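Colleague: Please take a close look at one part of this model, the nonpolar core and the sheet beside it.

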Amino acid sequence: MTKIALITGANKGIGYEIARLLAEQGVTTIVAARDEERGRAAAERLGQPYVRLDVTDEASVAAAAKWVDQEYGRLDILVNNAGITGGFMDPSPSATPAGVLREVYETNVFGVVTVTNAMLPLLRESEAGRIVNMTSELGSLTMAMDRESPFWDVNIMPYNSSKTALNMVTVSYAKELIDTPIKVNAANPGYCATDLNGHSGFQTAEQGAAIAVRLATLDADGPTGAFLEDRGSIHW
């Protein structure tokens, strides 16, 4: 049976590469994006279906879930990839307006919860559902407080804290679903050259997508509730 996957923010960058790599494995990969023109163009390049989905709009998410249900009746893989940085401003937390945090959390945290809750009934129809939340090592509390870490000086409160929150969201769903076939994990793609960072990363988007694809296609004995990158696990 052909697996069905949905990737948010899949019109470009790491999300697009996740969609491409899954499609190469024979997975029907739904390109979900809020910009219809870009989303459809990406889906056409991949030869895969498209659905409009804005993670910050509950009606959009509900409509997308309804469409997936009508078209496929289930979902095997959900990759929560859509995310924003909030802009790289003065990194000082005391100079960061609370409104910037609200905006970042709306996409990076609340959007993930909205999409996951809407798609979970469809994932329960799968023989082995997989949820992958795209996070970052910048969300690691352990690494943030390590003076020897390369991330010691990267004190960008909106983005970093949103990924820390996302890590707990990941664990929370994993605990709820621990006695089901559904596995929920957090994937760290690493510092990849994408629009998110002005293409300043030292890895390619394809390299960053690899861990998400691995977690999306885990066997039954694979982990759940884990924070992983290609090199292995990351300290929370």
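Modeller: L6 is a good place to start: leaving out residues up to four places away in sequence, L6 touches I30, A32, V51, L53, V68, L75, I77, L78, V79 and M119, where a contact means heavy atoms within 4.5 Å. This is a predicted model, in which local features need pLDDT of at least 70 and side-chain atom pairs count only at pLDDT 80 or more, while totals for chains, interfaces and linings use all residues. Residues are numbered from 1 along each chain as its sequence is written, and side-chain values use heavy atoms, without hydrogens and water.

The largest nonpolar core has 31 residues, and L6, L53, L75, L78, M119, L123 and I131 touch the most other members. Such a core is a set of buried Ala, Val, Leu, Ile, Met, Phe, Trp, Tyr and Cys residues joined through side-chain atoms within 4.5 Å; buried means under 20% relative accessible area (1.4 Å probe, protein chains only). At least two residues each come from β1 (4-8), β2 (28-33), α3 (58-72), α4 (98-123) and α6 (157-176), with helices (H or I, at least four residues) and strands (E, at least two) taken as DSSP runs numbered from the N terminus. The most come from α4, which gives nine.

As for the sheet, eight strands form an open one with mixed pairing, in the order β3-β2-β1-β4-β5-β6-β7-β8; two strands pair if DSSP finds at least two bridges between them. β1 and β2 run parallel and are joined by five bridges. One partnership links A5 to T29 in β2.

Definitions and conventions: Buried means under 20% relative accessible area, exposed over 50%, partly exposed in between (1.4 Å probe, protein chains only).
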